[in-house]
Amino acid sequence: NSASLLLPVSNLTNLLAFHASGLSFLRFAGLMVLPTAAAVGIEWLVLTRFFADDLRPRRRRRDAIRAAEPAMALPRLPLAVLLATLAGFALSSVAGTEPVWIAVAGAVAITLPALLRRTATPAAIVRSADPAFLVFVLALGVIVGAASRHGLESGMRDVLPDGSGLLDLLAIAAVCALLANAVNNLPAILIALPALAAAAGPGPVLAALIGVNIGPNMTYVGSLATLLWRRALRAEGAEVGLREFTLLGLLTAPAAIAAATAALWLGLHRLA
């Protein structure tokens with residue numbers, strides 16, 4: 001969740017904020033480098049200390065397995081398509097092309113060879129897209145749109161500041177973090193963006209993005225990514241306790257939000 005701050009295409013919330021920010025792909029990434037590093041750095045420090053006793057024996061086992069197993073060759077085609085897609089994203093603003101078409105081209109390039117070799121079928125590809133997840137996202141958008149038309153948008157305008165000072169950005173990130181934990185991060189950014197449409201510069205929009213990407217690490221329902229992560233763990237017979245998850249969220253999210261927002265402010269101040 002926190003690492004997805006970096007690129008406009010890293011998260012559904014980023015795509016929405018990217019269009020509202022008015023930034024180019026590379027400018028967006030440049031502004032979010034320091035916030036991402038700050039957030040991930042804080043989480044790494046806390047998590048490595050919290051799980052220190054678990055990590056030591058696992059590192060020894062991992063090193064032993066790596067020493068015993070032969071090195072695996074890199075999958076050249078997927079890696080080449082991934083790098084080409086990322087390069088296309090970076091050039092999309094210059095070329096005046098929407099990132100979605102670059103993503104479509106990459107998806108076709110990675111799936112077509114498998115279809116031609118008959119190692120995958122169209123039905124399997126559709127199933128991998130998780131139709132239930134897509135329906136869930138669509139339903140959230142409908143609910144948020146209806147709520148916004150019935151006063152939620154105007155209420156958020158009264159709550160969120162529209163300045164780009166450090167305290168303004170911290171307040172926006174905090175409010176959006178709380179909102180994401182209450183209603184999930186995707187509807188949270190959909191609610192916040194119209195209220196920030198009149199803000200001067202991209203700072204408030206990016207601060208809202210920091211709030212909805214890092215903030216939901218405190219609750220299971222705060223992020224679509226966390227919901228999918230929990231489902232994947234359960235499929236493997238693993239479970240993470242609510243108490244431990246919430247404790248780690250409280251230890252990392254507030255500090256990471258504050259550090260990432262301060263880093264964003266520094267980046268905006270430097271450009272100004």
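## A tour by salt bridge and helix

Start by selecting Arg-230, Arg-234 and Glu-239: a network of salt bridges links these three residues. Keep in mind as you click around that this is a predicted model.

Put distance labels on the network. Between Arg-230 and Glu-239, the closest N and O atoms of the salt bridge are 3.4 Å apart. Glu-239 also pairs with Arg-234, and there the N to O distance is 3.0 Å. Is Arg-230 buried or exposed? Its relative accessibility is 17%, under the 20% cut-off, so Arg-230 counts as buried.

Next, select residues 224-235, which make up helix H11. With twelve residues, H11 runs 17 Å from first C-alpha to last, close to the 16 Å expected at 1.5 Å a residue. Colour its buried residues: Leu-224, Thr-226 and Arg-230. Now turn the view until you look down the axis of H11; the buried residues fall within an arc of 165 degrees, so they line one face of the helix.

While you're there, check both ends. At the N-terminal end, Ser-223 acts as the cap of H11, with a side-chain oxygen 3.0 Å from the backbone nitrogen of Ala-225. Past the other end, pick Gly-237, which follows H11 and has a positive phi, near 80 degrees.

Time for another salt bridge. How many does the structure hold? There are three salt bridges, and one of them joins Arg-56 to Asp-53. Select that pair and label the closest N and O atoms, which sit 3.2 Å apart. Show the backbone of helix H3 (residues 52-68) too: Arg-56 and Asp-53 are three residues apart in H3, so about one helical turn separates them. Shade the two by accessibility: Arg-56, at 46%, counts as partly exposed, whereas Asp-53, at 63%, counts as exposed.

Last stop: Ala-256, in helix H12 (residues 242-271). This alanine has 0% relative accessibility, so it counts as buried. What does Ala-256 touch, leaving aside residues up to four places away in sequence? Show Ala-39, Ile-42, Glu-43 and Ile-214, and you have its contacts. Then add Ala-38 and draw a C-alpha to C-alpha line from Ala-256: the two are 218 residues apart along the chain, yet their C-alpha atoms are separated by 6.8 Å.

Definitions and conventions. Residues numbered from 1 in each chain as written. Predicted model: local features only at pLDDT ≥ 70, side-chain atom pairs only at ≥ 80, totals over all residues. Heavy atoms only, no water. Salt bridge = Lys/Arg side-chain N within 4 Å of Asp/Glu carboxyl O. Helix = DSSP H or I, 4+ residues; strand = E, 2+ residues; numbered from the N terminus. Buried < 20%, exposed > 50% of the residue type's maximum accessible area, 1.4 Å probe, protein only. Expected span 1.5 Å × (residues − 1). Arc of directions from axis to C-beta. Polar contact = N/O pair within 3.5 Å; in protein donor to acceptor, adjacent residues only side chain to side chain. Contact = heavy atoms within 4.5 Å.
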